[in-house]
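Trainee: Please take one part of this model and give me a close look at it. Then build outward from there, step by step.

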Amino acid sequence: MIISVRDLHVTYEGPVPVQAVRGVTFHVEEGEFVSIVGPSGSGKSSILYALGALLPQSAGQVMVGGVNLSNSSESARNELRAHTIGFVFQEFHLLARMSVLENVAMGSLYTGVRPRKREELALRLLDSVGIGQLADATPQRLSGGEKQRTAIARALMGSPRVLLCDEPSGNLDRESTHNVIQVLNDIRLEGGPAVVVVTHDPEVQAASDRALTLRDGVLMRGEPQ
Amino acid sequence: MRSRQRARVATAGLVREAIHGLMAFPIRTALTVIGISVGLAAMVASVGISESTGANIAFRFFEAQADHLLLRTRDTATLEIRDDALRDLRAYPGVQAVALASEFREGQIVTARGGPDSVDAVRIPASVVAAQGSLFGVIGASFTTGRPFDIGHVDRQARVAVLGEDLAKRLGIWTIEGQPTVHIGDQEFSVIGIVGSVEFYDTVIDGLVIPESAAGSLNAVRSSVIVAVDTEPASTFLIAGVANLVLAPTAPGDLTVSVASRPPDVAAAIESDIDSLAIALTSVGVLVAAISVAAVMTINVTERTSEIGLRRSLGASKRHIATQFLLESATVGLMGGLLGSMIGVGLVVGVATVRDIEPVMSQEIPVFAIGLGAIVGTLAGISPAIRASRMAPASSLRN
Ligand SMILES: Nc1ncnc2c1ncn2[C@@H]1O[C@H](COP(=O)(O)OP(=O)(O)OP(=O)(O)O)[C@@H](O)[C@H]1O
Ligand SMILES: [Mg+2]
């Protein structure tokens with residue numbers, strides 16, 4: 001069990017506090033491919049960022065890679081993000097001023113690996129997602145699918161045990177979506193990280209081992225309690 | 001192990017990231033660098049120009065403000081200055097006042113406190129000047145206490161003395177209350193005044209002046225005759241050229257003429273005024289530079305919210321984020337400092353060339369400007385850097 005979530009609550013404070021996640025419990029096994037689906041505003045992203053230790057607003061027990069996020073130190077959570085967790089976003093978040101290769105190599109910038117080593121690995125990962133020939137290009141020149149594959153390669157730089165994707169195909173056309181699904185499947189087959197993907201896309205959902213359906217911050221179907 | 005590896009990120013990697021970050025907005029970065037360099041160039045230039053001007057200022061005052069002449073007989077000369085010659089000089093156009101004095105051989109022993117035979121007497125070799133009372137007016141003497149001797153003292157051949165302040169201090173005389181006396185050799189004189197400063201003829205400050213009519217009682221040899229001349233500034237050099245001919249028509253070569261300028265401390269005071277003006281102007285310039293760096297860094301941080309979120313998602317600590325932005329603003333400051341001191345030095349050399357003065361500048365000034373640039377950049381970056389490190393990563397990453 002690489003992820004264990006027990007009674008997770010996420011509440012955004014404000015004039016009117018928003019209870020985005022209200023008592024969610026589920027587990028993810030090593031190497032598993034799990035999708036989280038549900039209508040807009042149901043709390044999918046909130047769960048994902050809570051798993052990535054990026055949401056201070058969460059309560060309940062979240063264990064990732066054996067680390068209990070609710071009582072871990074700030075530096076332990078930084079370590080976790082650097083070494084155990086990889087993120088992929090709908091918006092790619094590539095840095096325009098860097099080449100594709102540099103963007104990927106940045107994925108393990110905060111792990112202390114030397115730049116030379118990082119670039120070697122980055123090149124191999126770009127090859128494995130099928131865009132090794134674009135290493136020297138600038139991100140602006142890439143298609144959406146190529147951008148997302150760059151972002152996935154970046155997320156894999158730290159050899160994570162969990163890959164968290166927030167609507168990775170949200171900005172992609174059919175063909176690019178297929179490419180991304182292909183890449184995520186390959187990662188699994190090669191003994192890569194467990195994948196948790198938030199998606200609206202039925203095809204992505206269909207490619208996953210199982211889907212967790214969320215409605216108003218509560219899990220509808222999926223993991224038995 | 002891991003944390004040591006991560007610490008290495010902070011040193012090497014973050015510098016690279018900071019430079020990358022600055023390259024993201026090359027025009028903005030360049031403008032900020034130019035902005036800060038203007039402030040620092042102003043500093044280097046104003047300090048440099050004031051230093052150069054200061055170095056040249058004494059000379060300029062000498063040229064513009066010389067308004068005294070001092071004529072002195074050569075060591076070997078035995079020259080008598082005749083009364084009618086003095087009268088002729090007084091009548092010369094541009095001459096305002098003339099006074100005659102004479103000095104005695106150096107090393108006259110002056111004693112105070114109890115007289116020459118007392119055990120606790122202070123004995124100091126000093127210059128003794130014999131003069132008419134008008135000398136004090138001509139040399140612009142100002143008294144810290146007491147007064148000059150007058151025609152009455154001269155007529156009575158009174159044994160009175162006016163001390164220069166330096167000699168008075170060494171003798172331990174601070175006031176004329178209690179009627180202090182000094183001895184020159186074995187002759188006693190009452191101190192009636194202490195001179196604190198003169199416009200020229202500094203000998204008076206570390207010596208003493210007695211009435212010419214009382215000098216006969218001294219068992220001493222006169223070493224030179226002095227003529228002090230107060231002139232109108234415009235005529236000073238003209239008079240300097242003829243004064244010895246007027247006073248000693250038969251042996252003008254026996255008199256040396258020196259032109260006296262304002263005392264140098266006036267120039268120094270003006271120089272320090274210019275310095276403080278430079279510092280005030282500079283402070284404003286540097287402050288403006290700091291504000292502009294802070295403003296630009298704040299904009300940078302705001303625009304790069306999603307980059308900050310991304311870095312946090314990749315494992316960057318708050319400290320990593322803060323350090324990167326701090327390095328960016330320190331780099332901008334450092335480059336501004338480099339550019340600013342180059343421009344500043346160029347300005348100093350340029351202004352000096354145009355005004356035909358020697359460019360003078362302490363070597364520390366450009367180095368100081370570079371360091372100040374880096375410091376200002378760092379300080380100005382603190383608040384934006386802290387803001388960047390505190391940004392909630394999740395909200396900037398999600399759609
Ligand atoms: N920072 C925030 N402050 C206040 N409310 C928030 C914040 N972030 C999210 N919310 C609210 O929390 C609820 C859940 O948001 P979340 O982004 O987790 O939903 P989602 O399922 O990912 O939606 P979508 O499919 O549109 O991305 C929504 O009602 C949203 O408006
Ligand atoms: Mg979402």
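Mentor: Two residues are in contact when heavy atoms of theirs lie within 4.5 Å. Keep in mind that this is a predicted model.

Start with B:Thr378. Set aside residues up to four places away in sequence, and B:Thr378 touches B:Leu326, B:Ser329 and B:Ala330. B:Thr378 itself sits in helix 11 of chain B, which covers residues 364-390. Another residue to look for is B:Val332. It is 46 residues from B:Thr378 along the chain, and the two C-alpha atoms are 8.9 Å apart.

Now look at the side chain of B:Thr378. It reaches back to its own chain: the backbone oxygen of B:Ala374 is 2.7 Å away. Is B:Thr378 buried, exposed or partly exposed? Its relative accessibility is 26%, so it counts as partly exposed. The cut-offs make that clear: buried is under 20%, exposed is over 50%, and partly exposed lies in between.

Compare that with B:Ser396. This residue lies in helix 12 of chain B. Its relative accessibility is 16%, so B:Ser396 counts as buried. Its side chain reaches the backbone oxygen of B:Thr305 at 3.4 Å. Now list its contacts, again without the neighbours within four places in sequence. They are A:His93, B:Thr305, B:Ser306 and B:Gly309. Notice that A:His93 carries the letter of chain A. That leads us to the place where the chains meet.

What does each chain bring to this contact? Chain B supplies 31 residues and chain A supplies 32 residues. Together the two chains bury about 3,000 Å², and 54% of that is on carbon and sulfur atoms. The interface has two salt bridges by the rule. B:Arg312 and A:Glu74 form a salt bridge through their side chains, at 3.1 Å from N to O. There are also six residue pairs in polar contact across the interface, with both residues at pLDDT 80 or more.

Which parts of chain B face chain A? Helix 1 (2-23), helix 9 (305-313), helix 10 (318-355) and helix 12 (393-397) each give at least two residues to that side. Helix 1 of chain B has the largest share, with ten residues. Sort the chain B side by class and you get nine nonpolar, eleven polar and eleven charged residues.

Stay with the charges. Over all chains, the whole structure has 16 salt bridges. One of them joins the side chains of B:Glu17 and B:Arg311, at 2.7 Å from N to O. B:Glu17 is in helix 1 of chain B and B:Arg311 is in helix 9 of chain B, so this pair ties together parts that are 294 residues apart in sequence. Both B:Glu17 and B:Arg311 are buried.

B:Glu307 makes salt bridges too. Its side chain meets that of B:Arg304 at 2.9 Å, N to O. B:Glu307 and B:Arg304 are both buried. The side chain of B:Glu307 also meets that of B:Arg311, at 2.9 Å from N to O. Why are B:Glu307 and B:Arg311 about one helical turn apart? Because they are four residues apart in helix 9 of chain B. Both are buried. Now put the pieces together. Salt bridges with shared partners link A:Arg97, B:Glu17, B:Arg304, B:Glu307, B:Arg311 and B:Glu328 into one network.

A:Arg97 is in that network, so to speak a pointer to the other chain. Turn to the strands of chain A. Strand 6, residues 85-89, is mostly covered, with five of its five residues buried. Both of its faces are covered. A:Ile85, A:Phe87 and A:Phe89 are buried on one side, and A:Gly86 and A:Val88 on the other. Strand 6 pairs with strand 7 of chain A (residues 162-166) in the parallel sense, over five bridges. A:Phe89 has A:Asp166 in strand 7 as its bridge partner.

Elsewhere in chain A, an open sheet has four strands in the order 2-1-4-5, with antiparallel pairing. Its edge strands are strand 2 (18-28) and strand 5 (67-68), and each pairs on one side only. Strand 4 of chain A, residues 58-64, runs antiparallel to strand 5 and joins it through two bridges. There, A:Val64 stands opposite A:Val67 of strand 5.

Notes: Residues are numbered from 1 along each chain as its sequence is written. Chains are lettered from A and ligands numbered from 1 in the order in which they are written. This is a predicted model: local features need pLDDT of at least 70, side-chain atom pairs count only at pLDDT 80 or more; totals for chains, interfaces and linings use all residues. Side-chain values use heavy atoms; hydrogens and water are left out. Two strands pair if DSSP finds at least two bridges between them. Buried area is the accessible area (1.4 Å probe) that two parts lose on being put together, summed over both. A salt bridge is a side-chain nitrogen of Lys or Arg within 4 Å of a carboxyl oxygen of Asp or Glu. A polar contact is a pair of N or O atoms within 3.5 Å; within protein, one must be able to donate a hydrogen and the other to accept it, and residues adjacent in sequence count only if both atoms are side-chain atoms. Ala, Val, Leu, Ile, Met, Phe, Trp, Tyr, Cys and Pro count as nonpolar, Asp, Glu, Lys and Arg as charged, and the others, Gly among them, as polar. Buried means under 20% relative accessible area, exposed over 50%, partly exposed in between (1.4 Å probe, protein chains only).
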